[in-house]
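Let's take a walk through one corner of this protein, starting with a helix and ending at a small sheet. Have the structure open and follow along.

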Amino acid sequence: MTEQESGPLAGLEVLDLTEHMAGPFCTMILADMGAEVIKLERPGKGDSVRAWGDGSERNPYFRYINRNKKGITLDYKQPEGKALFLRLVEGMDVLVENYRPNVMPRAGLGFADLRALNPRLVYAQLSGLGYDGPAAGRGGFDLIAQGMGGIMHVTGEADGPPTSVGLPICDLGTGMWAVQGILAALYERQRTGKGRLVECSLLETAIGFSSWTSAQWLADREEPTRQGSRHRQNAPYQRVRTKDGYLMIGAAGEAIWQRCAAALGHPEWCRDPHFATNQQRLQNRAILEATIEDVLATGTTDHWVEVLEAAGVPCGPVYDYAQMFADPQVKHRGLVQYASDPELGEVPHIRTPIKIGDAVRVRAAAPKLGQHNGEIFGRLGLTPVEIEKLRAKGVV
């Protein structure tokens with residue numbers, strides 16, 4: 001198998017104990033990069049996301065973030081299951097879990113316990129609010145982190161209530177941070193021969209994403225306000241209405257603003273005392289928006305994108321999903337990839353948005369519950385008869 005076929009992380013063994021979104025998204029990225037990710041689930045139940053959507057095992061929510069993985073079932077709370085679990089860990093490079101902080105240590109399977117068994121193990125913990133501190137024991141979900149981490153405070157229209165981002169940004173971000181931490185720990189292990197504990201949380205992701213808003217608050221203690229789609233420091237850099245939809249204009253900076261005004265047929269705006277400088281445009285933003293939208297109402301979004309692009313003004317349409325996936329650039333870049341499934345046929349997925357040739361890609365659909373028990377436990381020396389006995393006991 002060539003490197004392009006197997007991926008840059010080929011040979012990396014990952015044990016995935018996660019469910020919901022953040023953890024599975026982390027291990028999905030590792031799997032897309034070629035790691036062998038073994039997803040461990042509860043016998044008979046599995047990841048709770050399997051029950052989402054239409055309730056079938058193969059719903060799109062589960063399928064999207066668990067592609068390219070192998071699936072096993074194991075109850076490590078039973079003595080025979082724990083023994084098998086420890087044997088699995090001996091051969092792993094990475095373990096990823098997102099239980100509450102006391103779950104794995106209480107079972108004798110925390111980082112300190114497993115490091116003694118496998119000193120090279122990189123152990124990644126993903127949590128809601130962090131693994132220590134006064135709120136460590138609380139459960140955490142994406143929207144809770146968006147609220148506590150300031151994201152909702154700065155999202156929405158100025159006269160509206162705090163609003164969540166329309167995507168699970170804290171879940172996805174935590175999964176991405178975890179991948180970076182894991183790869184850094186693996187790089188360090190090449191020098192030291194020893195694994196590391198990698199910690200990420202949804203709350204810390206939300207605050208980490210706050211960037212400029214937190215930087216400003218820390219500097220002057222001034223609370224950031226909600227701006228809708230508007231940029232905080234530049235105007236017009238925002239969503240505006242056209243004849244048939246919406247357009248994003250990025251006329252940040254005086255040179256681009258001059259090109260924008262000329263392209264819209266009103267170069268005199270650059271001499272208007274309301275609009276001449278960026279500071280004046282910010283102070284008179286409501287007037288600026290209404291003035292621009294009066295012009296844009298005479299043409300379609302496609303028309304104005306063409307006009308502004310020709311003038312060198314950064315812009316783009318605000319798409320719905322059908323428009324987004326039909327866009328020629330999206331198609332050209334191959335954002336949708338397919339994996340064959342014997343029951344569902346060619347299953348579409350959004351690829352991980354990293355290009356390393358064609359080595360980071362969707363290779364296989366998500367596993368059925370326990371699909372690879374025979375293969376993975378067979379590597380540990382168990383026979384089909386022994387596996388069946390364990391299944392009858394509810395161990396696998």
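**A helix and its neighbouring sheet**

Start at helix α14, residues 301-310, where the buried residues are Thr301, Trp304, Val305 and Leu308. Keep in mind as you look that this is a predicted model. Those four buried residues of α14 sit on the same side of the helix, because they cover an arc of only 105 degrees around the axis.

Now spin the helix around. On the face of α14 turned away from the buried side you'll find the exposed residues Asp302, Glu306 and Ala310. And just after α14 ends, look for Gly312, which takes a positive phi of about 80 degrees.

So what lies over the buried residues? The cover on α14's buried residues includes two helices, α11 (254-263) and α13 (285-296), along with the strands β8 and β9.

Those two strands lead us to the sheet. β8 and β9 belong to an open sheet of three strands, in the order β7-β8-β9, with antiparallel pairing. At the edges are β7 (237-241) and β9 (315-317), each pairing on one side only. Neighbouring strands here are turned against each other by 20 degrees on average, if you ignore direction. As a general reminder, the strands of a sheet pair through backbone hydrogen bonds, either parallel or antiparallel.

Zoom in on β7 and its partner β8, residues 246-250: the two pair in the antiparallel sense over five bridges. Which residue in β8 does Arg241 stand opposite? Follow across from Arg241 and you land on Tyr246.

Technical notes. Residues are numbered from 1 along each chain as its sequence is written. This is a predicted model: local features need pLDDT of at least 70, side-chain atom pairs count only at pLDDT 80 or more; totals for chains, interfaces and linings use all residues. Side-chain values use heavy atoms; hydrogens and water are left out. Two strands pair if DSSP finds at least two bridges between them. Axes are lines fitted to C-alpha atoms, for helices over the stretch in contact, and angles run from 0 to 180 degrees between N-to-C directions. Buried means under 20% relative accessible area, exposed over 50%, partly exposed in between (1.4 Å probe, protein chains only). The arc is that of the directions from the helix axis to the C-beta atoms. Contact means heavy atoms within 4.5 Å.
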